[in-house]
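Please work through the following structure by question and answer, with the reasoning spelled out at each step.

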Amino acid sequence: MRRLALVLGLALAVTAAACGGDGGGSAAEDCVDLTTEGDSFTVRLVDNEFVPSCFTASASQSLTLVNEDPALHSFTLEDTPIDVDISGDQTLDLDPISGQVAPGTYRLICKYHQPGMTGEVTIVE
Ligand SMILES: [Cu+2]
């Protein structure tokens, strides 16, 4: 009986370690730095995904949103005033967000395709 308890205890410990190792580790690897793109950069909305879905941009850059899907999407930065709709197959130019969004990291979502259509945006000066 004592031996069974020991084996169970080991199994639980291994499971816990495996879960901890995988926890949210993949988000950062696909992040791209768009601050080097110049005065403006483009984010595409394709197959219910933001492309790129994880990026760093400057608040002084303007942003072009290209919706390549037939469906309506939104580009919504949580906890900021940035919340725009882009109709299917449309392109939308946004002014720089300087003064509207403080530097920091924000969750990007499409209001119409939750959960699933999300990203992460880091804004720098
Ligand atoms: Cu959407």
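Q: In this predicted model, which residue's side chain meets that of R44 in a salt bridge?
A: In the predicted model, a nitrogen of the R44 side chain lies 2.8 Å from an oxygen of its partner, which meets R44 in a salt bridge. R44 belongs to strand β2 (residues 40-46), whereas the partner sits in the loop between β5 (62-67) and β6, so the pair ties together parts that are 24 residues apart in sequence. The residue that meets R44 in this salt bridge is E68.

Q: Are R44 and E68 buried, partly exposed or exposed?
A: Buried means under 20% relative accessible area and exposed means over 50%, with partly exposed in between. R44 has a relative accessible area of 34%, and E68 has a relative accessible area of 38%. Because both values fall between the two cut-offs, R44 and E68 are partly exposed.

Q: How many residues apart are R107 and E78 along the chain?
A: The side chains of R107 and E78 meet in a salt bridge, with N to O at 3.2 Å. This pair links distant parts of the chain, with R107 in strand β9 and E78 in the loop between β6 and β7 (83-86). R107 is partly exposed at a relative accessible area of 40%, and E78 is partly exposed at 27%. Along the chain, the separation of R107 and E78 is 29 residues.

Q: Where does K111, the salt-bridge partner of D83, lie in the chain?
A: The side chains of D83 and K111 meet in a salt bridge at 3.3 Å, N to O. D83 is in strand β7, and the two residues, 28 residues apart, link distant parts of the chain. K111 counts as partly exposed at 38% relative accessibility, and its place is the loop between β9 and β10.

Q: Which residues are the protein donors of the copper ion?
A: The donors follow the spacing H-x36-C-x2-H along the chain. They lie 1.9 to 2.1 Å from the copper ion, and the donor atoms are ND1 of each histidine and SG of the cysteine. The protein donors are H73, C110 and H113.

Q: Are the copper donors H73 and C110 buried or exposed?
A: H73 is in strand β6 (residues 73-77) and C110 is in the loop between β9 (104-109) and β10 (118-124), 37 residues apart. The relative accessibility of H73 is 0%, and the relative accessible area of C110 is 0%. Because buried means under 20%, H73 and C110 both count as buried.

Terms used: Residues numbered from 1 in each chain as written. Predicted model: local features only at pLDDT ≥ 70, side-chain atom pairs only at ≥ 80, totals over all residues. Heavy atoms only, no water. Donors = N, O, S within 2.8 Å, 3.2 Å for Na, K, Ca; no water. Helix = DSSP H or I, 4+ residues; strand = E, 2+ residues; numbered from the N terminus. Buried < 20%, exposed > 50% of the residue type's maximum accessible area, 1.4 Å probe, protein only. Salt bridge = Lys/Arg side-chain N within 4 Å of Asp/Glu carboxyl O.
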